[in-house]
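Visitor: Please take me slowly through one part of this model, as a biochemist would want to see it. I would like each term explained with its cut-offs where it comes up.

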Amino acid sequence: MNLERYNYIITNNFQDYIFYSNGPKGSIKKVIRYTKIGNDPVTYNLAFGDEDDAGIVSDSVNSNNHDRDKVLSTVAGTINKFCDHYGNHFIYVEGSTPSRTRLYQMGISRLWAEVSKDFYIWGYTDGSWQDFRTNVNYEAFLIKRKEFDIFEIEA
Amino acid sequence: MSVVKKAPVKRKEQDDIIVSDQVRSYAGEPYFVKKAEDAKEFMRKHPLPDHLKK
């Protein structure tokens, strides 16, 4: 992906990622953690939140730092880094509330042209996992990094 | 006639990343523990269909 993003720091087990969002609200510490949640197929949960001065992480606050696409691009970058280390497994993403999940859906939709180059994404809606579509609301998402570009050529 | 080809995805190397043992692990952070438990429960109730597991 060729999108602007923040630099980040990784713990040496490649499961925790930290970066700072900078904007009108100041510098906000963002933390991403990947946790294994299943083996068939191997699936990791991607959780993402703000860490306050007391070291408490949550995503209950809308930080509104005018950098949502840069933040989303940074999160996508961590998926690439995580997959470099652990392999191209399924990654589960869900917001803490339906409205937060909807924000993720809108963010993915805005960046779909770039995001879809690197990742397969499915959304859960109406009782099943479906290929991601930009105009649909989902309850949760599954992401898997692409290994190959598939294209047609004239023989 | 067209032929379907596949080639490894080319990715730009991310060279502005720091790996550090000075950063704390968030493994026990309650927010992340709950998120993982919720995710596990969701996947238990709504597993992937077999054709997506391949």
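**The nonpolar core and what surrounds it**

Guide: The largest nonpolar core has 42 residues, and those with the most contacts inside it are A:Leu46, A:Ile91, A:Tyr92, A:Val93, A:Phe141, A:Leu142 and A:Ile143. Helix α1 of chain A (residues 68-86) gives the most to this core, with 7 residues. This is a predicted model, in which local features need pLDDT of at least 70 and side-chain atom pairs count only at pLDDT 80 or more, whereas totals for chains, interfaces and linings use all residues. Residues are numbered from 1 along each chain as its sequence is written, with chains lettered from A and ligands numbered from 1 in the order in which they are written.

A nonpolar core is a set of buried Ala, Val, Leu, Ile, Met, Phe, Trp, Tyr and Cys residues joined through C-beta atoms within 7 Å; buried requires 20 or more other C-beta atoms within 10 Å of a residue's own, exposed 12 or fewer, and partly exposed lies in between, with C-beta atoms placed from the backbone. Helices (H or I, at least four residues) and strands (E, at least two) are DSSP runs, numbered from the N terminus.

Leaving aside neighbours within four places in sequence, A:Ile91 is in contact (C-beta atoms, placed from the backbone, within 7 Å) with A:Tyr44, A:Leu46, A:Ile79, A:Leu142 and A:Ile143.

Strand β9(A) (residues 140-145) pairs in the antiparallel sense with β7(A) (residues 119-125) over 6 bridges, pairing being accepted when DSSP finds at least two bridges between strands; here A:Tyr120 stands opposite A:Lys144. On β8(A) (residues 128-131), which also runs antiparallel to β7(A) and is joined to it by 4 bridges, A:Asp131 is the bridge partner of A:Trp122. These two strands form a hairpin with 2 residues between them, and A:Asp126 in the turn has a positive phi of about 50 degrees, although it is not a glycine. A:Asp126 counts as exposed because it has 9 C-beta neighbours inside 10 Å.

Chain B meets chain A through its own helix α1(B), whose buried residues pack against β3 (26-39), β4 (42-51), β5 (57-58) and β6 (90-93) of chain A. B:Tyr31, B:Phe32, B:Lys35, B:Ala36, B:Ala39 and B:Met43 are the buried residues of that helix.

As for confidence (pLDDT, the predictor's score for each residue, from 0 to 100), chain A has a mean of 91, with 94% of its residues at 70 or more; among its elements β6(A) has the highest mean, 97, and β10(A) (residues 148-154) the lowest, 66.

Note on methods: Contact = placed C-beta atoms within 7 Å.
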